[in-house]
Amino acid sequence: MKRSLALGLSLTLLAAPVMATEKETLKERQDRLSNQLEQSKKAQVETDAELEVTEAQRDAVSTEIRAVNERLEGLSEQIAVQQVEADAARSELEATRQQLAAQGQYLEGQKALLSERLRVLQIHEDRSYLQVVFESRSFGDFVTRLMTAQTIAEQDRDLIHSYMHEVERLETLETTQRTQLSFVKQKERELVVTKQALDQAATEKHALLSELNEQVELLELEQMTRDEEQALMNEQRRIIASQLDAIATAEREQAEAEARAKQEAEAKAAAEARARAEAAERAEANQETVTPQEPPATEPEAVTAPVSTFLRPVSGYVSSRFGPRENPLTGAPESHRGIDIVNATGTPIVSAAPGIVIKAAEATGYGNVVFVSHVVNGQVWTTVYGHLDSITVTAGQRIGAGQTVGTLGNTGWSTGPHLHFELHRGEWAPGQPNAVDPGPYIGY
């Protein structure tokens, strides 16, 4: 009885510091997670506000583009009308020119006739119409000559007036039509210039809209990433809380066991004291000395130490190591926070150490991913297994070292089948500040 009690007390004394250390580590981790979660929430509020402003700007630009497009449609219709009017004006001007050409031919004939008349008058310029009349040989001849002279004079006058009037009319008509055509062309040019300016404005608005759409996509991606980060940190907090609850339960059970052990020890000591007193009384009576026998001391049993090494999650060759590199998708420089191990799709992926699954689902960039929390030699570690083809564990599940967590794949932001493996000294946090090079820990 005393041997088992001593062994129990020894184990209790050994377990107490271990639980106290783990409890302190978990509380520190819980505090860090709370601070990081608050920072992530503040960052998300800023992201949400920026997204709201950017979406408002995008909507405003979209409205402006619709207004510009409507104006462009109206201008296109006006330009088409002006082009029809210009074509009509050109046709009218061409018809007038053809009339001028025809009239020119007619006037050329009239001009020849007038020239002949003037030539005749010039030849006989010393002979007036009265001379011609007075040379008549009879009264009838006089009347005939007089009427002929009047007719010739009137014809000459009408011919000159008709010639001048027709020339003036056609020249005026041509001038008017040229002016009309010039006005129509000017209006058409003004509309074309306005349309070109609107086309340029529309091009700039479309470029701005494209830029705003990209910003919205990036902010939505950041927003989604923040949601995933917070979900992951909340899950880590939940698991830590359950671990602290388990430790509290163990401490309570330990305290109860210690109380029972103390009571048993006190009762045993009292019984032994009574036995010794009774033995002493009997010894006095019988003149005998009774010496109680103590059980031999025993060494406490050793407590198994935690796992101190990490298993290799999958075999294969490393295609991209930890540290600076060019992003294989974008070509932009970045810091690679893990290592990429290439193997065939469907190859089993195993946990690098015993632990608790924090997340087992799809995540932005990672594709299908598993996060596992470990406590190794009193130190908290987190491993990440990304781009999985399938997942075989669930969040909150306790798993052992070497247990399959999924199969190798090509999901998420990936250019080929491989495992993206991360190792974090401490909890996983936004920005991956705790990431370390996993290579030395898994033999790569």
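## A tour that starts at S351

Select S351 first: with a relative accessible area of 0%, this residue is buried (buried means under 20% relative accessible area, exposed over 50%, and partly exposed in between, using a 1.4 Å probe and protein chains only). You'll find S351 in the loop between strands β5 (348–350) and β6 (355–363). Helices (H or I, at least four residues) and strands (E, at least two) are DSSP runs, numbered from the N terminus.

Now show what surrounds S351. Leaving aside neighbours within four places in sequence, its contacts include L311, V372, H374, Y385 and I399, where contact means heavy atoms within 4.5 Å. Also on that list are G400, A401, G402, Q403 and V405.

**Before you go on**

This is a predicted model, where local features need pLDDT of at least 70, side-chain atom pairs count only at pLDDT 80 or more, and totals for chains, interfaces and linings use all residues. Residues are numbered from 1 along each chain as its sequence is written, and side-chain values use heavy atoms, with hydrogens and water left out.

Colour the chain by pLDDT, the predictor's confidence in each residue, from 0 to 100. The chain averages 77, and 77% of the residues score at least 70. Select residues 1–17: pLDDT is below 50 there, and the stretch has 19 contacts in the model beyond near neighbours in sequence. Residues 288–308 are also below 50, with 22 such contacts. Where pLDDT is low, the predicted coordinates should not be read in detail.

**Zoom out**

Show the whole chain as a cartoon and you have four helices and twelve strands. Of its 444 residues, 32% count as buried. Among contacts between residues at least 6 apart in sequence, 71% join residues at least 24 apart.

**Along the helices**

Which helix holds V84? V84 lies in α1, residues 2–123, and V84 counts as exposed because its relative accessibility is 57%. Add V184 to the selection: the two C-alpha atoms are separated by 9.7 Å, though the residues are 100 apart along the chain.

Next, pick I247 in helix α3. I247 has a relative accessible area of 6%, so it is buried. Select K23 as well: the C-alpha atoms of I247 and K23 are 6.9 Å apart, with their places 224 residues apart along the chain.

**The largest pocket**

Rolling a probe the size of a water molecule over the atoms shows where empty space is left. Select E334, T364, G365, W413 and Q432, which lie nearest the centre of the largest pocket among its 40 lining residues. By class, the lining has 14 nonpolar, 17 polar and nine charged residues. Which helix gives the most to this lining? That's α3, with seven residues.

**Two positive phi angles**

Most residues other than glycine have a negative phi, and most peptide bonds are trans. Stay on Q432, whose phi is near 50 degrees, a positive value in a residue other than glycine. Q432 sits in the loop between β11 and β12 (435–436). Is Q432 buried or exposed? It counts as buried, because its relative accessibility is 16%.

Last stop: H387, in strand β8 (residues 379–391). Phi of H387 is near 65 degrees, again a positive value in a residue other than glycine. H387 is buried, with a relative accessible area of 6%.

Definitions and conventions
1 Å grid on protein atoms, 1.4 Å probe; cavity = no way out; pocket = protein on both sides within 12 Å on 5 of 7 lines; lining within 4 Å. Nonpolar A, V, L, I, M, F, W, Y, C, P; charged D, E, K, R; others polar.
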